[in-house]
Amino acid sequence: MRDRLRLAIPNKGRLVEPTLGLLHDAGLVFEEHDRSLVARVQNFDLDILFVRTNDVIEFVGDGVADLGVTGIDLLSESGVDLPRIRTLGYGQCRLAAAVPADTPHQAVEDLAGLRVATAHPNTARRFFAERQIPVEVVPISGAVEVAPRLGLADAIIDLVSTGSTLVMNGLRPIGDVLASEALLVANPNALSRRAEALGAIDTMLSAVIAARGRKYLMMNAPASRLSVLEELLPGLESPSVIPLAHAGMIAIHSVVDADAVWGLLPRLKAAGASGILVLPIEKIVP
Ligand code: AMP
C-alpha cells in the first residue's frame, strides 16, 4: 500500500479555484500546480493529483487516487457508484430541461416523442425512463444550447446556474433533472482500509465548510438584558456569557449565520448591546 494518500482534483474549469481555495483554507500547504500532475502536500501525508474534471471519477474508481473532488452531475453521468463523502458548498448548478421560448411546452411530460440534445445522455435517459416519457436523447458534447436553433433537437438538457445562458439563447426552462454541487468522493477500498486518514482529511475540509457562512459575534451588555439578547441570538448552542469587571455588565459571545448579521446588529443595539464585534471564523469542528 502507498504511504501517502492521493486526492484527485480538477486541473481546469469552474471547480479549480474553489477547490484550491478549500484546500488552502483547510491549512494544506502545497505548491500550486504549475501544470504538473502531482503536488506534494508539505504538512500532511497527501499528494494532490491534478487531472481533468471528467477523469477524477476514473482515478478514484480505479484506486489510483483515494479521494476526489468532482461534480454530482459528472458522477451521475459516469454511472460509477462511488461512496459520496460530502458536498463541498460550491459548484452549485442544476441540470435543467429547456425548450425554445416560443414553443408551447410547459413541463418535461410535454417532451414525449421529441428529441432532446444533451452532454449528459445517461442521466437524461435515466430521468425520462423513470418517468416513462418516451424521448429520443441526442448525445452531443458541447454548445448544447444552440442545438434547437440548428434543428438538431426540440429541447435540451443542460447545466444551468443563473439561467442567463438559456435566456441569451432564446430558451426557457421547463423542469429540473438533477441538482448538482461539488462533491468529495472516495475509493471504496481506501474508505475501509484507510478510514482514519480519510476521516482526518474529511474533518479538515468539513471544518472549513462549516465555518464559511458563519460569524462570531461578541458584545457587551447590562446583565439585566441577557434574556432579551439571548432570544435574538440563535447560535450553535447557547451563547457564552462572561461577567465583566464592571458590576452588572456581561460580555456575550455567539456564532451566527453571516447572512443574519446585518439584520441582527440594529436589533442587538436596540436591546442594549454595545461594543459589538463581528469576527470571521476559520474552522468549526462540532
Ligand atoms: P468545467 O466544465 O470543467 O468547467 O466543470 C464543469 C463542472 O462544474 C460541471 O460538471 C459542474 O459540476 C460544475 N458547474 C457548476 N456550475 C456550472 C455551470 N453553470 N455550468 C457548467 N458547469 C457547472
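**Legends to close-up views of the ligand site**

**View 1. Domain layout of the protein chain in the predicted model.** The domain assignment divides the chain into domain 1 (5–90 + 181–211), domain 2 (93–178) and domain 3 (214–280). The centres of domain 1 and domain 3, taken over C-alpha atoms, are separated by 38 Å.

**View 2. Placement of the ligand between domain 1 and domain 2.** Residues of the shell around the ligand are supplied both by domain 1 (5–90 + 181–211) and by domain 2 (93–178), so the ligand lies between these two domains. The largest pocket is where the ligand sits.

**View 3. Residues of the shell around the ligand.** The ligand has 14 residues around it, of which Gly13, Arg14, Asp73, Leu159 and Ser161 come nearest. Sorted by class, the shell comprises four nonpolar, seven polar and three charged residues.

**View 4. Polar atoms of Arg14, Thr53 and Ser161 beside the ligand.** Arg14 places a backbone N or O atom 2.9 Å from an oxygen atom of the ligand. In Thr53, an N or O atom of the side chain is 3.5 Å from an oxygen atom of the ligand. For Ser161, a polar side-chain atom lies 2.8 Å from a nitrogen atom of the ligand. On its own, the ligand has 480 Å² of accessible area, and the protein covers 77% of this area.

Notes: Residues are numbered from 1 along each chain as its sequence is written. This is a predicted model: local features need pLDDT of at least 70, side-chain atom pairs count only at pLDDT 80 or more; totals for chains, interfaces and linings use all residues. Side-chain values use heavy atoms; hydrogens and water are left out. A residue is near a molecule or strand if one of its heavy atoms lies within 4 Å of it. A polar contact is a pair of N or O atoms within 3.5 Å; within protein, one must be able to donate a hydrogen and the other to accept it, and residues adjacent in sequence count only if both atoms are side-chain atoms. Accessible areas come from the Shrake-Rupley method with a 1.4 Å probe; for residues, only the protein chains shown count as cover. On a 1 Å grid over the protein atoms alone, a cavity is a set of points where a 1.4 Å probe fits but cannot get out, and a pocket is an open set with protein on both sides within 12 Å along at least five of seven lines; lining residues have an atom within 4 Å of a point. A molecule sits in a cavity or pocket if more than half of its atoms lie within 2 Å of its grid points. Ala, Val, Leu, Ile, Met, Phe, Trp, Tyr, Cys and Pro count as nonpolar, Asp, Glu, Lys and Arg as charged, and the others, Gly among them, as polar. Domain bounds come from an automatic or database domain assignment.
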